[in-house]
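Reader: I would like to go through the ligand site of this structure. Can we take it step by step?

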Amino acid sequence: MRTAVYPGSFDPITKGHTSILASGMKAFDRIVVAVLHNPRKTAMFTVDERIEMIRESTAEMGFGDRIVVDQFDGLLVEYCKQQGAEVILRGLRAVADFEYELQMANMNRHLNPDVETVFIMADDAYFYVSSNLVKEAAKLGGDVSELVPGPVSDRLQAKIEAQR
Ligand code: PNS
């Protein structure tokens with residue numbers, strides 16, 4: 001059984017993320033979507049809200065229990081060990097992602113050489129989509145409904161209304 005951990009902030013999950021996940025399911029038997037619980041980083045959604053949105057969005061994908069949603073804190077490589085995963089799955093979009101991802105992959109390899117980082121290229125339809133840009137556009141009244149899974153679209157609007 002090949003398990004990969006797909007870590008991230010997922011604040012919130014976008015269609016860019018779900019497309020990486022769908023591609024990842026071709027390569028792995030089980031993917032653990034792991035939301036970083038980072039009290040130092042200000043997020044729009046709580047970890048529980050993010051997990052709920054990921055669960056709702058991935059349920060629509062039809063992979064059943066091959067996709068697991070969880071949260072972690074501390075070192076990612078330690079979490080991978082707990083999950084029995086030898087692979088960290090990350091998505092790559094534009095060149096701008098490369099340096100950050102290269103640094104993380106090398107740091108993780110230094111911390112645990114048994115855990116490999118595998119990158120999947122983002123679908124070109126979503127290569128410009130990031131959680132931060134989606135939030136920014138939505139806050140300014142832009143229509144981002146095609147860039148996020150259905151369950152996220154409604155919650156994003158509700159959150160923005162509540163914060164006004
Ligand atoms: O979606 P993001 O914010 O780009 O994801 C970043 C994430 C969660 C993958 C990264 O911050 C992380 O792995 N944090 C855990 C702490 C850790 O293991 N740090 C050392 C390796 S860089």
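Author: The questions below deal with the ligand, its contacts and its pocket in a predicted model.

Reader: Which residues come nearest to the ligand?
Author: The ligand has 14 residues around it. Five of them come nearest. They are Ser9, Leu76, Arg90, Tyr100 and Asn108.

Reader: How far is an oxygen atom of the ligand from a backbone N or O atom of Leu76?
Author: Polar contacts here are N or O pairs within 3.5 Å. A polar side-chain atom of Arg90 lies 3.0 Å from a ligand oxygen. For the side chain of Tyr100, the N or O atom is 3.0 Å from an oxygen of the ligand. For Leu76, the backbone atom lies at 2.8 Å.

Reader: How much of the accessible area of the ligand does the protein cover?
Author: On its own, the ligand has 540 Å² of accessible area. The share covered by the protein is 76%.

Reader: Which element supplies the largest share of the shell around the ligand?
Author: The shell has eight nonpolar, four polar and two charged residues. Both β1 (3-8) and α4 (96-111) supply at least two residues. The largest share is four residues, and they come from α4.

Reader: What volume does the largest pocket have?
Author: The ligand sits in this pocket. Its volume is about 1,100 Å³.

Reader: Which of the lining residues are closest to the centre of the largest pocket?
Author: The lining has 21 nonpolar, 14 polar and eight charged residues. α4 gives the most, with nine residues. Of the 43 lining residues, the closest to the centre are Pro7, Gly8, Ser9, Arg90 and Tyr100.

Key. Residues numbered from 1 in each chain as written. Predicted model: local features only at pLDDT ≥ 70, side-chain atom pairs only at ≥ 80, totals over all residues. Heavy atoms only, no water. Near = heavy atom within 4 Å. Polar contact = N/O pair within 3.5 Å; in protein donor to acceptor, adjacent residues only side chain to side chain. Areas by Shrake-Rupley, 256 points an atom, 1.4 Å probe, with all protein chains shown as cover. 1 Å grid on protein atoms, 1.4 Å probe; cavity = no way out; pocket = protein on both sides within 12 Å on 5 of 7 lines; lining within 4 Å. Sits in = over half its atoms within 2 Å of the grid points. Nonpolar A, V, L, I, M, F, W, Y, C, P; charged D, E, K, R; others polar. Points joined across faces, edges and corners; volume = space filled by probe spheres on them.
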